[in-house]
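I opened my notebook beside the viewer and wrote down what I looked up, stop by stop. Here are the entries, lightly tidied for a fellow modeller.

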Amino acid sequence: MLNNREISQRFEVQVNTLYNWQKSKPDLYSYLKHADYNKERNQEINLLLDYYAKTMSKNFSVEEIHYIINSDINPHTIKEIDDFHKIFITLESKNLSIKSDFLLSIYDKFHTMNIIEKYIFYKKVYRIREKESSYSKDKIELYFDKFLA
């Protein structure tokens with residue numbers, strides 16, 4: 001657990017504010033107080049997800065992943081990630097008449113993925129969108145190596 005001085009330095013919050021939050025926002029104060037534990041726990045979860053990713057079947061092409069990265073799909077909740085395939089095909093329905101085989105192939109791949117695989121996949125989509133200005137074949141291969149056929 002962090003003390004108020006450590007919280008103040010790490011999160012750039014005045015100590016007086018922390019004392020105020022201790023009473024007025026106890027959940028936030030508790031979260032900040034346990035920030036080291038939360039960070040370690042998140043690192044453990046990410047390690048487990050990376051380990052799990054090594055066991056997944058590799059069946060996407062670079063072209064399919066590039067298309068998904070550039071699509072409008074942007075789930076925000078676990079339910080939306082679980083429904084990734086439904087959201088994808090709904091967003092792409094206007095393109096079905098011209099790219100049906102391609103889009104339905106992507107839909108089928110998402111449909112057969114479990115929630116953890118979809119979460120890992122979308123986490124990678126989110127990261128590449130945030131960090132990269134362009135999505136070259138090499139960048140996609142680097143980010144999505146666990147998903148590529």
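**Entry 1: an acid and its partner**

I began with Asp83, which comes out buried at a relative accessible area of 15%. I was reading a predicted model, so I kept in mind that side-chain atom pairs count only at pLDDT 80 or more. Which side chain does Asp83 meet in a salt bridge? I found Lys79 there, with 2.9 Å from N to O. Lys79 itself is exposed, its relative accessible area being 53%. The cut-offs sit at under 20% for buried and over 50% for exposed, so the two residues of this bridge fall into opposite classes. I then noted that Lys86 joins Lys79 and Asp83 in a network of salt bridges.

**Entry 2: other salt bridges**

How many salt bridges does the structure hold? I got six. I looked up Glu64 and Lys109, whose side chains meet at 2.7 Å, N to O. This pair links distant parts of the chain, with Glu64 in helix H5 (residues 62-69) and Lys109 in helix H8, 45 residues apart. Are Glu64 and Lys109 buried or exposed? I have both down as buried.

I also looked at Asp145 and Lys146, a salt bridge with its closest N and O atoms 3.1 Å apart. Asp145 counts as partly exposed at 33% relative accessibility, while Lys146 counts as buried at 18%. The limit for buried is under 20%, so Lys146 falls inside that class.

**Entry 3: staying with Lys109**

Lys109 deserved a page of its own in my notes. I placed Lys109 in helix H8, which covers residues 96-112. Its relative accessibility is 14%, so I entered Lys109 as buried. Which backbone oxygen does the side chain of Lys109 reach? I read off that of Asn59, at 2.8 Å. Lys109 also lies over the face of Phe60, 5.5 Å from the ring centre. With the salt bridge to Glu64 added, I had my list for this side chain.

**Entry 4: the rings**

From Phe60 I moved on to the aromatic residues. A ring pair is described by the distance of the centres and the angle of the planes, so I wrote down both values. I counted 11 aromatic pairs. One of them is Phe121 with Phe144, a tilted pair at 5.3 Å centre to centre and 50° between the planes. Why does this pair tie together parts that are 23 residues apart in sequence? Phe121 lies in helix H9 (residues 115-131), whereas Phe144 belongs to the segment after helix H10 (137-143), so the contact bridges that separation.

I checked accessibility for both rings. Phe121 counts as buried at 0%, and Phe144 is buried with a relative accessible area of 0% too.

Which residues form one aromatic cluster? My list reads Phe60, Phe84, Phe88, Phe110, Phe121, Tyr122, Phe144 and Phe147. Phe60, the ring under Lys109, is therefore a member of this cluster, and I marked it in both places.

**Entry 5: a nonpolar patch**

Next I turned to the surface. Ile78, Ile115, Ile116 and Tyr119 form a nonpolar patch there, with about 320 Å² of accessible area together. Which helix gives the largest share of the nonpolar patch? I wrote down H9, with three residues. I looked at Ile116 on its own: it is found in helix H9, and it is partly exposed with a relative accessible area of 37%.

**Entry 6: two last lookups**

I picked Glu12 for its backbone. Phi of Glu12 is near 55°, a positive value in a residue other than glycine. Where does Glu12 lie? I found it in the loop between helix H1 (4-11) and helix H2 (15-24). Glu12 is exposed, at a relative accessible area of 75%.

Last came Leu104, found in helix H8. At 39% relative accessibility, Leu104 counts as partly exposed. I compared its position with that of Ser71: the two are 33 residues apart in sequence and 15 Å apart in space, C-alpha to C-alpha.

Conventions
Residues are numbered from 1 along each chain as its sequence is written. This is a predicted model: local features need pLDDT of at least 70, side-chain atom pairs count only at pLDDT 80 or more; totals for chains, interfaces and linings use all residues. Side-chain values use heavy atoms; hydrogens and water are left out. Rings of Phe, Tyr and Trp (its six-membered ring) pair if their centres lie within 6.5 Å; planes under 30 degrees apart count as stacked, over 60 as edge-to-face and the rest as tilted. Helices (H or I, at least four residues) and strands (E, at least two) are DSSP runs, numbered from the N terminus. Buried means under 20% relative accessible area, exposed over 50%, partly exposed in between (1.4 Å probe, protein chains only). A charge sits over a ring if NZ of Lys or CZ of Arg is within 6 Å of the ring centre and within 35 degrees of the ring normal. Patches are made of residues with over 30% relative accessible area and no salt bridge: like charges are joined within 9 Å, nonpolar side chains (Val, Leu, Ile, Met, Phe, Trp, Tyr) within 5 Å. Accessible areas come from the Shrake-Rupley method with a 1.4 Å probe; for residues, only the protein chains shown count as cover. A salt bridge is a side-chain nitrogen of Lys or Arg within 4 Å of a carboxyl oxygen of Asp or Glu. A polar contact is a pair of N or O atoms within 3.5 Å; within protein, one must be able to donate a hydrogen and the other to accept it, and residues adjacent in sequence count only if both atoms are side-chain atoms.
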